[in-house]
Amino acid sequence: MGGLILLVLLAVMWAVLIIPQQRRLKRQRELVASIKVGDDVMIAAGIYGTVTGEDDDDLFLEIAPAVEIRVSRAAVAQRVEFEDVDDTETGRSDS
């Protein structure tokens with residue numbers, strides 16, 4: 001009887017902890033593999049940018065006009081859609 005309870009407990013823990021983590025990892029691998037030049041992304045550090053180039057395991061992101069950084073492909077947290085916003089609407093200026 002005690003062995004059956006232990007098996008049920010292990011099965012529940014597997015279903016609650018392991019399976020969702022495996023799904024998240026699979027989605028992350030698919031996302032990283034699908035990133036291409038021109039995509040808008042956010043990396044794990046919270047930096048937004050546009051992919052301007054790629055190397056084996058690295059991406060080159062333009063994070064501001066004429067400012068490009070090199071990041072690990074694995075650092076991509078999500079693909080995003082940027083909206084064109086007029087700077088006068090946000091109150092921002094480039095000065």
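Begin this tour by selecting strand β1 together with strand β2 (residues 48-54), which run antiparallel to each other and are joined by 3 bridges; keep in mind while looking that the model is predicted. Within this pair, pick out D40 and then look across to β2, where its bridge partner is T50. Follow the chain next into the hairpin that connects the two strands, where 4 residues lie between β1 and β2 and where G46 takes a positive phi near 90 degrees.

Now return to β1 and add strand β5 (residues 76-79) to the selection, since these two strands also deserve a look together. They pair in the antiparallel sense over 3 bridges, and I43 stands opposite V76 of β5.

With β1 (residues 40-43) still selected, show its side chains and turn the view from one face to the other. In a regular strand the side chains alternate between the two faces of the sheet. Here D40 and M42 lie on one side while V41 and I43 lie on the other, and, as these four residues are all buried, both faces of the strand are covered.

For the last stop, move to D39, which is found in the loop between α1 (2-34) and β1. Is D39 buried or exposed? Because its relative accessibility is 9%, and buried means under 20%, D39 counts as buried. Display its surroundings, leaving aside residues up to four places away in sequence, and you will find that D39 touches S34, G49, T50, V51 and R79. Finally, select K36 as well, whose backbone nitrogen lies 3.0 Å from a polar atom of the D39 side chain.

Definitions and conventions
Residues are numbered from 1 along each chain as its sequence is written. This is a predicted model: local features need pLDDT of at least 70, side-chain atom pairs count only at pLDDT 80 or more; totals for chains, interfaces and linings use all residues. Side-chain values use heavy atoms; hydrogens and water are left out. Buried means under 20% relative accessible area, exposed over 50%, partly exposed in between (1.4 Å probe, protein chains only). Two strands pair if DSSP finds at least two bridges between them. A polar contact is a pair of N or O atoms within 3.5 Å; within protein, one must be able to donate a hydrogen and the other to accept it, and residues adjacent in sequence count only if both atoms are side-chain atoms. Contact means heavy atoms within 4.5 Å.
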